[in-house]
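Dear colleague,

Please find below the structure that I am handing over to you. My account of what was found in it follows directly after.

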Amino acid sequence: MNVKIANVTATHSFNSLSRKLALLALLTMGTSLSFSSSAAPLTMDQQQTVNAHFSKLAQVQNTTETQMTEQLKQDFNQQLTLQEHKLMQSI
């Protein structure tokens, strides 16, 4: 029972981080869109900075999703192994 609670907590923290990153990306894109409608065109340096920022956001989100997927796989395998042992003991 303690293992399941730990797994839920780990999964919750990954989900929470992923949601926060997605929200940050949405806010960033929304802000850039609203500013771009009323602002002067970006200079080459500014555009490169924006592109670098979006690239970093994509990398962080990809890394987070990969970590979350791996954690979910590990949790699933642990739970599967535990249930297999319980089934074998009951047989």
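**Confidence and overall make-up**

The protein chain has an average pLDDT of 81, and 77% of its residues score at least 70. In residues 1-10 the pLDDT falls below 50, and this stretch makes five contacts in the model beyond near neighbours in sequence. Please bear in mind throughout that this is a predicted model.

The protein chain contains two helices and zero strands. Helix H1 covers residues 2-38, and helix H2 covers residues 44-90. Of the 91 residues in the chain, 13% count as buried. The chain exposes about 7400 Å², of which carbon and sulfur atoms supply 64%.

**Helix H2**

How does the span of H2 agree with its 47 residues? At 1.5 Å a residue, H2 should span 69 Å, and its end C-alpha atoms are indeed 69 Å apart, so the two values agree. The buried residues of this helix are Leu57, Thr64, Met68, Gln71 and Asp75.

**Where the two helices meet**

I would next draw your attention to Thr28, which is placed in helix H1. Thr28 has a relative accessible area of 19% and is therefore buried, the cut-off being under 20%. Which residues does Thr28 contact, leaving aside its neighbours within four places in sequence? They are His53, Phe54 and Leu57. Of these, Leu57 is also one of the buried residues of H2.

Phe54 belongs to helix H2 and is partly exposed, with a relative accessible area of 27%. With neighbours within four places in sequence again left aside, Phe54 is in contact with Thr28, Met29 and Ser32. Phe54 and Thr28 are 26 residues apart in sequence, while their C-alpha atoms are 8.9 Å apart in space.

Met29 lies in helix H1. This residue is partly exposed, at a relative accessible area of 38%. Met29 and Phe54 are separated by 25 residues in sequence and by 8.9 Å in space, C-alpha to C-alpha.

**The salt bridge**

How many salt bridges does the structure hold? There is one. The side chains of Glu70 and Lys73 form it, with a distance of 3.8 Å from N to O. That distance satisfies the definition of a salt bridge, because the nitrogen and the carboxyl oxygen must lie within 4 Å.

As for the position of the pair, Glu70 and Lys73 are three residues apart in helix H2, so about one helical turn separates them. An α-helix has 3.6 residues a turn, so residues three or four places apart point the same way. Side chains of opposite charge can pair when their charged atoms come close. Both partners are partly exposed: Glu70 has a relative accessible area of 40%, and Lys73 one of 44%.

**A nonpolar surface patch**

Finally, Leu87, Met88 and Ile91 make a nonpolar surface patch of about 380 Å². Leu87, one of these residues, lies in helix H2.

**In brief**

The predicted model consists of a chain with two helices and zero strands. Contacts of Thr28 in H1 include Phe54, which lies in H2. The one salt bridge joins Glu70 and Lys73, and a nonpolar patch is made by Leu87, Met88 and Ile91.

With kind regards

Conventions. Residues numbered from 1 in each chain as written. Predicted model: local features only at pLDDT ≥ 70, side-chain atom pairs only at ≥ 80, totals over all residues. Heavy atoms only, no water. Patch = residues over 30% accessible without salt bridge, like charges linked within 9 Å, V, L, I, M, F, W, Y side chains within 5 Å. Areas by Shrake-Rupley, 256 points an atom, 1.4 Å probe, with all protein chains shown as cover. Helix = DSSP H or I, 4+ residues; strand = E, 2+ residues; numbered from the N terminus. Buried < 20%, exposed > 50% of the residue type's maximum accessible area, 1.4 Å probe, protein only. Expected span 1.5 Å × (residues − 1). pLDDT = per-residue confidence, 0-100. Contact = heavy atoms within 4.5 Å.
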